Amino acid sequence: MIREAPHPTLSPEGSGIAKPNQLRALWALTLYPLLAMLRNPATSTFGFLFPLGLILIFGLIGTAGTGMRLGVPAGSATGPVYSALGQTPTITLVPGERAELEQQLRLGKLDGIVESIGDRVTLSLNSANRQGGLATMLVRQSVDSLNLSAAGVANPAYALQVDEVAGRRNRYIDFALPGQIGMALISTAVFGTVFGLIFLKQALILKRLFATPVRGSTILLGQGLARLIMALAQAAVILGVGVLVFGFQLANGWTTFMAMLALSALGLAAFMGFGLAIAGWTNDANAANPLTNLVTLPQFLLSGVFFSTDAFPAWVRPVAENLPLSHFNLAMRQVATEGLGITEILPSLLGLCAWGIVGYAVAARTFKWQ
């Protein structure tokens, strides 16, 4: 358990060692770890630059669009069929030699090859490509339009009416950005806490601090507050770049922004339990490194940081959806994109808090000051 050694205190007459001002000590124990993190190149690299680099990539993916790439064999790229397909905004025609196009189709770099010879249109597809059905529909739509025109049907018997409702675009950046905040937070909470406290142990700084009249809980609280300030700065910077540069959509504007910062604070507090547990259990960075990776790496891959947990097989999904980072990412996305309130995201919050309690319970039984 986390035990506090007996500290000397003032007697009623004022004899003995003076009792320190715990708030003043807390300020110092928060400020100096914060300054140390700011001066550490790893903090700026993994806490700010790495997530922002990923946000830049995801933002460009979100603005580039996917579309449909159809190959057109050389020498047959003219005619009404190709003209009709070329006028479809979602289709890009890629001319090339037949053998080269077939190779690209097998490799999945093309969604199909369309060839028009006389009155016959041939569409070649890759059976493993899920875009094949959409490619067939788009080509058939163009061919049907040409058939109606050739038959002299100017006014078809059936007409399609399209109604639009006000809404928003669902882009990849809107999915990825909350996940990047979660990844930055758990990195700060676990990696930062573990290696920060191990350094203090090895340098005997933690032992000396604990030998002072300052309470052990004040020492750990200062470490936590320093990382909380850093985590809120990370979340604010990532959100700011996402909104200003890539148009990340906040469902309720500044209210959503502040709600995401509050969620970030809760997430860091929950994740730090695992950092304290590992830091308390080990005294050496070499021993701590595999443990931190064991806690964080599966969550980076399974918790919906880069892609939805719906992509996993049914037997993996129950595990993936109940990891602590999964609860955090789901709550963040529901707040950011759907504008849900605390009652709607309560199941995710309870799951996150439950994991936090587990982490702190383990830390309370394993933490050692030296």
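**Salt bridges and nonpolar cores**

Two salt bridges turn up in the structure, which is a predicted model. Both can be taken together, starting from Arg98. One of them pairs Arg98 with Glu102, with 2.9 Å between the closest N and O atoms. This is a pairing within helix α4 (residues 98–106), where Arg98 and Glu102 sit four residues apart, about one turn of the helix. Arg98 also meets the side chain of Glu115 in a salt bridge, at 2.7 Å from N to O. Here the link is between distant parts of the chain, since Arg98 belongs to helix α4 and Glu115 to strand β3 (residues 112–117), 17 residues apart. Put together, Arg98, Glu102 and Glu115 make up a network of salt bridges.

How do these residues sit with respect to solvent? Arg98 has a relative accessibility of 28%, so it counts as partly exposed. Glu102, at 29%, is partly exposed as well. Glu115 comes out at 21% and therefore also counts as partly exposed, given that buried means under 20%.

Turning to the nonpolar residues, the largest core holds 44 of them, and those with the most contacts inside it are Ile181, Leu239, Met260, Phe271 and Phe328. The elements giving two or more residues to this core are α2 (41–64), α6 (172–202), α8 (216–246), α9 (254–281), α10 (285–302), α12 (324–338) and α13 (346–366). Of these, α6 supplies the largest share, with 12 residues. Ile181 gives a feel for the packing: sequence neighbours within four places aside, Ile181 is in contact with Ala235, Ile238, Leu239, Met260, Ser264, Phe328 and Met332. There is also a second, separate core of 13 residues, with Val214, Ala277, Ala363 and Phe367 among them.

The pairing of α6 with α8 deserves a look of its own. The axes of α6 and α8 come within 10 Å and cross at roughly 155°. That angle is over 145 degrees, so α6 and α8 run roughly antiparallel to each other. The crossing of α6 past α8 is right-handed. On the α6 side, the residues making the contact include Ile173, Leu177, Gln180, Ile181, Ala184, Leu185 and Thr188, along with Gly192, Gly196 and Leu200. From α8, the contributors include Gln223, Arg227, Ala231, Gln234, Ala235, Ile238, Leu239, Gly242 and Phe246. Ile181 and Leu239 thus show up again in this helix contact, having already been listed among the core residues with the most contacts.

Note on methods: Residues numbered from 1 in each chain as written. Predicted model: local features only at pLDDT ≥ 70, side-chain atom pairs only at ≥ 80, totals over all residues. Heavy atoms only, no water. Salt bridge = Lys/Arg side-chain N within 4 Å of Asp/Glu carboxyl O. Buried < 20%, exposed > 50% of the residue type's maximum accessible area, 1.4 Å probe, protein only. Core = buried A, V, L, I, M, F, W, Y, C linked by side-chain atoms within 4.5 Å. Contact = heavy atoms within 4.5 Å. Axes fitted to C-alpha atoms, helices over the stretch in contact; angles between N-to-C directions. Parallel < 35°, antiparallel > 145°, perpendicular 65-115°, else oblique. Left-handed = near helix turned anticlockwise from the far one by under 90°.
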